[in-house]
Structures are given as C-alpha cells and as structure tokens.
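Q: Please take a close look at one part of this model and describe its surroundings. Give the cut-offs behind each term as well.

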Amino acid sequence: HYGPYGHPFPLDEAQGCVGPGWAALVAEAYDLLPDGSTVQQVKEKYGELRFYCSPDVVAIAEIEERSLTVCEDCGAPGQPRAGGWIRTLCDGCAQCG
C-alpha cells in the first residue's frame, strides 16, 4: 500500500503511528484495502483510531468505532478516558498513567 506522494506506507510503519494495543486493528484495516490503495494517515484522535485511505473502505469505519473499546496500550478491553488528552485505555493502563 502507498502513502502520500506514492511512497510505500508499510503495515509496520502504520502500526507504529498508534499504540501497540491497536496493532491488530490496523492490520485488520490493511487486510480490507483493495490493491493499489493509498493510505494517507493512521493516527489516534479523541481516543479513536483514525484511518485515512483512498478509496474509502466502509468496513474500516467499523474498525475505527471498535477502537473505542480496545486499550491503545495493551489491546485489552478499554474505554475512552479524559485527562487532558482523551485516550482509550483499560483500567490497568489508565492507573499506570
């Protein structure tokens, strides 16, 4: 898959843009991309995984929504937590700060 300006945007690089707990979600999104897709950006925003690609893949929106229930740090069940920066974390990771 390619990033902006036609440069490759490999899966491991995309996974490095968010916490390790979301690596499987990013891999799942990559699996849904048709050949020749362009991935512009992968990031966390307001505690949710954001995946910007062309063409749009409707099923990726479900993965983004599901990220609100997965700890970004460890992958355990989590929930969005405020504290200056909204992050989706499990109880254990939220206590570790």
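**Glu-72 and its surroundings**

A: Glu-72 counts as buried, because its relative accessibility is 6%. Buried here means under 20% relative accessible area, exposed means over 50%, and partly exposed is in between, with a 1.4 Å probe and protein chains only. The model is predicted, so local features need pLDDT of at least 70 and side-chain atom pairs count only at pLDDT 80 or more, while totals for chains, interfaces and linings use all residues. Residues are numbered from 1 along each chain as its sequence is written, and side-chain values use heavy atoms, with hydrogens and water left out.

Glu-72 sits in the loop that runs between helix 3 (58-66) and strand 3 (79-81). Helices (H or I, at least four residues) and strands (E, at least two) are DSSP runs, numbered from the N terminus. Apart from neighbours within four places in sequence, Glu-72 has contacts with Val-18, Gly-19, Pro-20, Gly-21, Trp-22, Glu-44, Arg-87 and Thr-88; contact means heavy atoms within 4.5 Å. With Gly-19 there is also a polar contact: the Glu-72 side chain comes to 3.0 Å from the backbone nitrogen of Gly-19. The term covers a pair of N or O atoms within 3.5 Å; within protein, one must be able to donate a hydrogen and the other to accept it, and residues adjacent in sequence count only if both atoms are side-chain atoms.

Ser-67 also belongs to the loop between helix 3 and strand 3. Its relative accessible area is 0%, so Ser-67 is buried. A polar atom of the Ser-67 side chain lies 2.8 Å from the backbone nitrogen of Leu-49. With neighbours within four places in sequence set aside, the contacts of Ser-67 are Trp-22, Leu-25, Gly-47, Glu-48, Leu-49 and Thr-88.

One of these contacts, Glu-48, leads to the salt bridges. Glu-48 pairs with Arg-50 at 3.6 Å, N to O; a salt bridge is a side-chain nitrogen of Lys or Arg within 4 Å of a carboxyl oxygen of Asp or Glu. Glu-48 is buried because its relative accessibility is 17%, whereas Arg-50 is partly exposed at 21%. The count of salt bridges comes to 6.

On the helix 3 side of the loop, Arg-66 forms a salt bridge with Glu-62, with the closest N and O atoms 3.1 Å apart. Both residues lie in helix 3, 4 residues apart, about one turn of the helix. Arg-66 is partly exposed at 27% relative accessible area, as is Glu-62 at 44%. On the strand 3 side, Arg-81 meets Asp-91 in a salt bridge at 2.6 Å, N to O. This pair links distant parts of the chain, with Arg-81 in strand 3 and Asp-91 in helix 4 (residues 91-96), 10 residues apart. Elsewhere, salt bridges with shared partners join Glu-28, Glu-62 and Arg-66 into one network.

Helix 3 itself packs on helix 2 (residues 23-32) at an angle of about 175 degrees, with the axes 9 Å apart. The two helices are therefore roughly antiparallel. Leu-25, Glu-28, Ala-29 and Leu-32 of helix 2 make the contact with Ala-59, Ile-60, Ile-63 and Arg-66 of helix 3.

Note on methods. Axes are lines fitted to C-alpha atoms, for helices over the stretch in contact, and angles run from 0 to 180 degrees between N-to-C directions. Angles under 35 degrees count as roughly parallel, over 145 as roughly antiparallel, 65 to 115 as roughly perpendicular and the rest as oblique.
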